[in-house]
Amino acid sequence: MAKFVPVEPFDIVIFGGTGDLSRRKLLPALYHRWADGQIPENSSIIGTARSEMDTEAYRALAREACQKASGKSWDEVAWEGFSRILHYVTIDATDPAGDWAGLSQKLSDEEGRPRIFYLAVSPHLYVDICRSIGGAGLSGGNSRVVLEKPIGTDLASAQAINDGVAEVFAERQVFRIDHYLGKETVQNLMVLRFANILFEPLWSQNYIDHVQITVSEDLGLEGRADYYNRSGALRDMVQNHLLQLLCLTAMEPPNDLEDDDIRTEKIKVLRALRPIASQEAKRLTVRGQYAAGMHGGQPVKGYVDELSSVEGSKTETFVAIKAEINNWRWSGVPFYLRTGKRMSSRHSDIVIQFRKAPHNLFGEQSGNVNKLVIRLQPDEAVRLYVQIKEPGPGGLRVKSLPLNLSYAESFMLRYPDAYERLLMDVVRGNLSLFMRRDEVEAAWRWVDGLIEAWEVSSYTPEAYPAGTDGPMSAAMLMDRDNRSWWKEG
């Protein structure tokens, strides 16, 4: 594994410091970077929220969160050191008259020192908090702000947030985070494509039959009912995670690894996505909503039953889309996107399926085709399926087997998760894995068109039993093209 390089001393303020994201991801991520020696001792981590709490109580909250996330790798000595750089300030960050002086006292006045404001709060608070930061005189120098997805609920709201944030922070100070881009296998996608001569000549409509991108979750709402029922799978997953994966799969080689070069190539892909018209909505997309079914061998409620207070919700918990990219490289190659909740299993994959060999020398037994399967979760891996001779006497038999690169087997040590990597990139000021304003707005422009197509065509979600792979229409979406969804095993 690559050597951990320490970052320079920094201050990070986490708004929403007692919330779910902070406890599950941010605090454990910073603890692990500390334990690996990447965070200097004179850095500061300041949690903030409206809850009345002192620093000792916050350290106790953080300890419980970090210990739970660490499991058997918990290090008491590392925690003792980490806890000393943890602080807490009670503040209503949307209130310009709040205790900004108290917060300011926790920050270093060292010139050039990175000062990071992480907004782990609802997006509708972004603009007010940024204005308060600016009003307190804390947005200058080497300060940065991190915004969690989703940025808005449509193009208009995304533009309003971007405009409001831009009143305080310049574009190069804004880090719009999508944690999927911090996953090792996602970053490896660029290395795989652009560091190996093997793949790039084949990476086009000449040799690729189609691409599948799946993000499947086996859980239901898990306490996010209010947010999710206003959002749905299209806004919550497709607009960001799936379109970002599509961009990295389909983009042209950037001139170099500078952030703007990479992001410019991704925007070209988003702008080349063919809009889906209302008369095509039911043929090219599938909307689903899970009904009662089974999960882990136990009966589970349907989506509407989990909401309890909302009757007749038309929010989709499943989306499948046949997308097309109108450019020379990808003309005629469908990109099938699929995501859903309460599916049969939790997994995320990108499947590149190549075309059949032009002449079938080995008969029907060699009917399988080459596939490159990039597994993002739960076990990150890259598998290239090739046809080989099955060993043994008695005739020549062909079998499809993977050349398997498993991260867990190849790299025995624990490697940083997505949030750990992205937080260190924020400290370094590296924007390569963060979305630029025009990138977010281009994605919303395409998604807004699809939402309108659903509304015009009165396309309501189809029910599917919890614990399955979505509505039957999702299988038919592929079957109409004589294809099927990839399933391991």
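**Exercise 1. Find where serine 458 sits and decide whether it is buried or exposed.**

Step 1. Serine 458 counts as exposed, at 55% relative accessibility. The cut-offs are these: buried is under 20% relative accessible area, exposed is over 50%, and partly exposed is in between (1.4 Å probe, protein chains only).
Step 2. Serine 458 belongs to the loop between α14 (437-456) and β17 (462-465). Helices (H or I, at least four residues) and strands (E, at least two) are DSSP runs, numbered from the N terminus.
Step 3. Check the backbone. Phi of serine 458 is positive, about 50 degrees, although the residue is not a glycine.

The model is predicted: local features need pLDDT of at least 70, side-chain atom pairs count only at pLDDT 80 or more, and totals for chains, interfaces and linings use all residues. Residues are numbered from 1 along each chain as its sequence is written, and side-chain values use heavy atoms, with hydrogens and water left out.

**Exercise 2. Describe asparagine 482 by phi, place and exposure.**

Step 1. Phi is near 55 degrees, a positive value in a residue other than glycine.
Step 2. Asparagine 482 lies in the segment after α15 (472-479).
Step 3. Its relative accessible area is 74%, so asparagine 482 is exposed.

**Exercise 3. Locate the cis peptide bonds at proline 150 and proline 378.**

Step 1. Lysine 149 and proline 150 are joined by a cis peptide bond, with omega about -5 degrees. Proline 150 is in the loop between β5 (143-148) and α6 (155-166).
Step 2. Glutamine 377 and proline 378 are also joined by a cis peptide bond, with omega about 10 degrees. Proline 378 lies in the loop between β14 (371-377) and β15 (381-389).

**Exercise 4. Count the disulfides, then check the exposure of cysteine 66 and cysteine 130.**

Step 1. The structure holds zero disulfides. The criterion is a pair of cysteine sulfur atoms within 2.5 Å.
Step 2. Cysteine 66 is at 0% relative accessibility, so it counts as buried. Cysteine 130 is at 0% as well, and counts as buried.

**Exercise 5. Judge how compact the protein chain is.**

Step 1. Count the elements: the protein chain has 15 helices and 17 strands.
Step 2. Compare sizes. The radius of gyration is 24 Å, close to the 23 Å that the globule rule gives for 489 residues, so the chain is as compact as a globular protein of that length. The radius is taken over C-alpha atoms; the rule is 2.2 Å times the number of residues to the power 0.38.
Step 3. Add burial: 54% of the 489 residues count as buried.
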